[in-house]
Amino acid sequence: MTRLKHEDVVEIPTTLEDYDQQLIRKTGCSLKELAARAAGFHSNIEVNHQAKVAVVPMSCGQGIIEGFAESVAGIISYLGFKAFTTKSWDAGGIAEAIQEGAEVLFMADDERFVAVNVRTAKVSDNGEATGRGYAAGLERMSNGLEGKKVLVLGAGPVGVGAAIALARFRAEVGVYDIEKEPRERLQATLRKLGYRVTIETDLNVALNHYQNIVDACPAENIILLEHITDNTRIAAPGIPLGVEAAGLEKVSTRLLHDPLHIGVATMMFDVL
Ligand code: 2YG
């Protein structure tokens, strides 16, 4: 689980418009359209924008990340909802959120980042939602994934969320993880859902073989310039980015990567 830093989030609220324009150029979808699609909405006209959303800072564990709650609220407000960060933290913040009439609460400690709808009891987890949101982004960027091979790097919660969504898009899913156990667990999870997954045991061979990649692992400099072709498309929720600097120029228009946007937006539509 990567812990974001202040510098990862500090500029989010003031760069949302630019971010969205880039996302539209790459996927043909705005953040709102992509997240609604990932959450199973067919068009976002069914959306109740009246939902009041509270983001509650949590001081436990390694503590508050300055700017984190503000960035989460900024993304949710940008989607058209009424979002605010509570003045109090932890239990006081949860009480304040309820007293202010919030229907949805977002909060993150060091283990989980969740959205909960206090009226419907719907819950969305950032890891799974991020994987599903990025899979939807790759599907749009690729104009459909049916029959296409997609490599998932990293079999953690984000990779599992992505693999399930990719299988639902009828992609041919391969998974690589540096450890044997997580990739076999991912394969078993998908098998239970009726999907086949190919386990890749050699990263370099896999990266030379797949053109569509979901980079859901925290490793840096694993996707190299030599692995990138004119048809390579990368959805990279993993932090830090796994594409080496020399490869960025070549893949930039076919690369999705953000610290919070797609995951938070997908969580919001999940709990509506
Ligand atoms: O409330 C706060 O400010 C802190 N308790 C937030 C701590 C968040 C820790 N988790 C992470 O930084 C990431 N797992 C968040 C999601 C990253 C998505 N790619």
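**Salt bridges and the sheet in a predicted model**

Good morning. Arg112 and Asp125 form a salt bridge, and their closest N and O atoms are 2.5 Å apart. This pair links distant parts of the chain, since Arg112 is in the loop between β3 (104-108) and β4 (113-117), while Asp125 is in strand β5 (residues 123-125), 13 residues apart. I should state at the outset that we are looking at a predicted model. As for exposure, Arg112 is partly exposed, with a relative accessible area of 44%.

How many salt bridges does a search of the whole structure find? The search finds nine, and I shall take up a few of them.

Let us turn to helix α6, which covers residues 126-141. Within α6, Arg132 and Glu128 are four residues apart, about one turn of the helix. Their side chains meet in a salt bridge, with 2.7 Å from N to O. Are these two residues buried or partly exposed? Arg132 has a relative accessible area of 15%; buried means under 20%, so Arg132 counts as buried. Glu128, at 32% relative accessibility, counts as partly exposed.

Another salt bridge is formed by the side chains of Glu139 and Arg140, at 2.8 Å from N to O. Here Glu139 is buried, with a relative accessible area of 7%, whereas Arg140 is partly exposed at 23% relative accessibility. This pair also belongs to a wider arrangement: a network of salt bridges links Arg37, Glu139 and Arg140.

I now move to the sheet. Five strands make up an open sheet in the order β2-β1-β3-β4-β5, and the pairing is mixed. Which strands stand at the edges? They are β2 (82-85) and β5; each has a single partner strand, so one side of each is left without a neighbour in the sheet. From one strand to the next, the twist averages 20°.

Inside this order, β3 and β4 run antiparallel and are joined by five bridges. On the facing strands, Phe106 stands opposite Ala115, a residue of β4. We have already met the loop between β3 and β4, where Arg112 is located.

Finally, how is the helix placed against the sheet? Helix α6 lies across β4 and β5, and its direction makes an angle of about 75° with β5. β5 therefore appears in several parts of this account: as an edge strand with a single partner, as a strand that α6 lies across, and as the strand that holds Asp125, the salt-bridge partner of Arg112.

Thank you for your attention.

Terms used. Residues are numbered from 1 along each chain as its sequence is written. This is a predicted model: local features need pLDDT of at least 70, side-chain atom pairs count only at pLDDT 80 or more; totals for chains, interfaces and linings use all residues. Side-chain values use heavy atoms; hydrogens and water are left out. A salt bridge is a side-chain nitrogen of Lys or Arg within 4 Å of a carboxyl oxygen of Asp or Glu. Helices (H or I, at least four residues) and strands (E, at least two) are DSSP runs, numbered from the N terminus. Buried means under 20% relative accessible area, exposed over 50%, partly exposed in between (1.4 Å probe, protein chains only). Two strands pair if DSSP finds at least two bridges between them. Axes are lines fitted to C-alpha atoms, for helices over the stretch in contact, and angles run from 0 to 180 degrees between N-to-C directions. Contact means heavy atoms within 4.5 Å.
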